[in-house]
Amino acid sequence: MDWKNAKMLLVSTATIVVASQVAKKVYKYFFNSKASRTPETNSDDTCNEVLSLKNREINDVILFSDDVIRHTIRVPPNKDLTICESRELNCFKLIKYIKSARETLDVCMYLITSSEIAEQIIRLGQKHVIVRIVVDSDMAYSPPSQIKKLKEYSFIQVQTNKKSILMHHKFCIVDGPKAIRRKNILKAHAEKLNVHAQFTKTHYKPPTKNKLVRGFVMSGSLNWSTQAMVSNHESVIVTSNQNIVGKFEKEFESLWVENEPAFMTTS
């Protein structure tokens with residue numbers, strides 16, 4: 001074979017190798033692009049899913065049952081209704097929702113005896129989440145109620161139901177729009193009077209940017225008690241539907257009878 005033919009053979013071989021590498025990269029590009037555009041299918045093992053509260057679009061059901069069932073139901077329009085029946089995991093899930101409060105937590109509960117939930121409420125208050133709690137007057141201080149412990153903290157406001165009828169509600173509102181407006185008014189007035197200026201400089205760093213927080217409500221048959229979570233058949237619906245959140249906020253305000261400061265009523 002002469003040099004000219006050998007040179008042509010080398011060039012042809014190199015061309016084939018380069019072309020095959022280019023084709024391979026092009027294939028990977030389009031294949032990966034297609035895969036990235038393909039929506040992921042929902043896992044049936046919903047108990048192992050990490051609660052995604054970033055966008056706070058929530059439609060969830062927590063069932064406390066002796067059976068262990070994991071499944072997700074698709075409801076129109078393209079929303080997931082997650083049902084996860086396992087006592088241990090659902091206790092974790094319930095507390096996860098409570099811990100997600102960023103600005104306010106309004107609780108209306110017949111009784112609170114769970115020490116773990118009480119600890120989470122205290123931690124929220126320490127993080128400058130405004131906490132208001134309404135409990136039934138007959139159950140507020142009956143052992144093992146946690147109300148006495150919660151009232152020891154000045155940043156947690158607790159009221160017993162002032163009405164003669166039984167206060168049997170079991171719901172909480174996380175970051176409700178009305179509650180956040182109330183907090184902002186209180187904060188603005190305090191800053192105006194320079195009441196907590198020194199505290200602000202030494203301890204609390206206000207956010208540089210106001211983030212939109214979508215509130216949600218949890219309601220059902222469950223009292224915040226260890227007995228209910230460990231032994232009873234209970235259900236809790238969690239939703240960020242703003243019409244539903246608004247109705248629960250209205251009900252909470254009808255039970256919260258604190259005399260607001262004058263500047264709150266005139267704003």
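Is Asp 175 buried or exposed? In the predicted model examined here, Asp 175 is buried, its relative accessible area being 0%. The residue is placed in the loop between β7 and α5 (177-193), and its phi is positive, at about 55°, although Asp 175 is not a glycine.

The protein chain to which this loop belongs contains nine helices and nine strands. Of its 267 residues, 36% are buried. Among contacts between residues at least 6 apart in sequence, 74% join residues that are at least 24 apart. Two pairs of residues illustrate separation along the chain alongside distance in space. Asp 60, which has its place in strand β1 (residues 59-64), lies 180 residues from Ser 240 in sequence, while the C-alpha atoms of the two are 9.4 Å apart. With a relative accessibility of 4%, Asp 60 counts as buried. In the second pair, Gly 220 and Ile 62 are 158 residues apart along the chain, and their C-alpha atoms are separated by 9.3 Å.

Two helices were examined for their length and for the residues they bury. Helix α2 (residues 87-99) has 13 residues and, at 1.5 Å a residue, should span 18 Å, which agrees with the 18 Å found between its end C-alpha atoms. Its buried residues are Arg 87, Asn 90, Cys 91, Lys 93, Leu 94, Ile 95, Tyr 97 and Ile 98. Helix α3 (residues 115-126), with twelve residues, reaches 17 Å from its first C-alpha to its last, a value close to the 16 Å expected at 1.5 Å a residue. In α3 the buried residues are Ile 117, Ala 118, Gln 120, Ile 121, Ile 122, Leu 124 and Gly 125, and these pack against α2, β4 (104-109), β5 (130-135), α4 (147-151), β6 (156-160) and α7 (226-231).

In soluble globular proteins, nonpolar side chains tend to be buried together. The largest nonpolar core of this model comprises 37 residues, and those with the most contacts inside it are Leu 94, Leu 105, Ile 121, Ile 133, Met 218 and Trp 224. Ile 121, one of the buried residues of α3, is in contact with Leu 105, Val 131, Ile 133, Leu 150, Ile 156 and Trp 224 when its neighbours within four places in sequence are left aside. Another core, of ten residues, lies apart from the largest one and includes Phe 171, Ile 173, Phe 252 and Leu 255.

The structure holds one cavity of 30 Å³ or more, and the largest cavity contains about 60 Å³ of space. Its lining is formed by Leu 94, Met 109, Lys 170, Phe 171, Cys 172, Met 218, Ser 219, Gly 220, Leu 222, Trp 224 and Val 236. The elements that give two or more residues to this lining are β7 (170-174) and β8 (216-220). By character, the lining residues divide into eight nonpolar, two polar and one charged. Leu 94, Met 218 and Trp 224, named here in the lining, are also among the residues with the most contacts inside the largest nonpolar core, whereas Phe 171, likewise a lining residue, belongs to the core of ten residues.

Gly 220, a further member of the lining, has its place in strand β8 and counts as partly exposed, at 32% relative accessibility. With its neighbours within four places in sequence left aside, Gly 220 is in contact with Lys 170, Ser 235 and Val 236; Lys 170 and Val 236 also line the largest cavity.

Backbone geometry was also considered in the loops on either side of β5. Helix α3 is followed by His 128, which lies in the loop between α3 and β5. The phi of His 128 is near 70°, a positive value in a residue other than glycine, and at 31% relative accessibility the residue counts as partly exposed. A positive phi thus occurs both in His 128 and in Asp 175, of which His 128 is partly exposed and Asp 175 is buried. In the loop between β5 and α4, where Pro 144 is found, a cis peptide bond joins Pro 143 and Pro 144, with omega at about 5°.

Technical notes. Residues numbered from 1 in each chain as written. Predicted model: local features only at pLDDT ≥ 70, side-chain atom pairs only at ≥ 80, totals over all residues. Heavy atoms only, no water. Helix = DSSP H or I, 4+ residues; strand = E, 2+ residues; numbered from the N terminus. Expected span 1.5 Å × (residues − 1). Buried < 20%, exposed > 50% of the residue type's maximum accessible area, 1.4 Å probe, protein only. Core = buried A, V, L, I, M, F, W, Y, C linked by side-chain atoms within 4.5 Å. Contact = heavy atoms within 4.5 Å. 1 Å grid on protein atoms, 1.4 Å probe; cavity = no way out; pocket = protein on both sides within 12 Å on 5 of 7 lines; lining within 4 Å. Points joined across faces, edges and corners; volume = space filled by probe spheres on them. Nonpolar A, V, L, I, M, F, W, Y, C, P; charged D, E, K, R; others polar.
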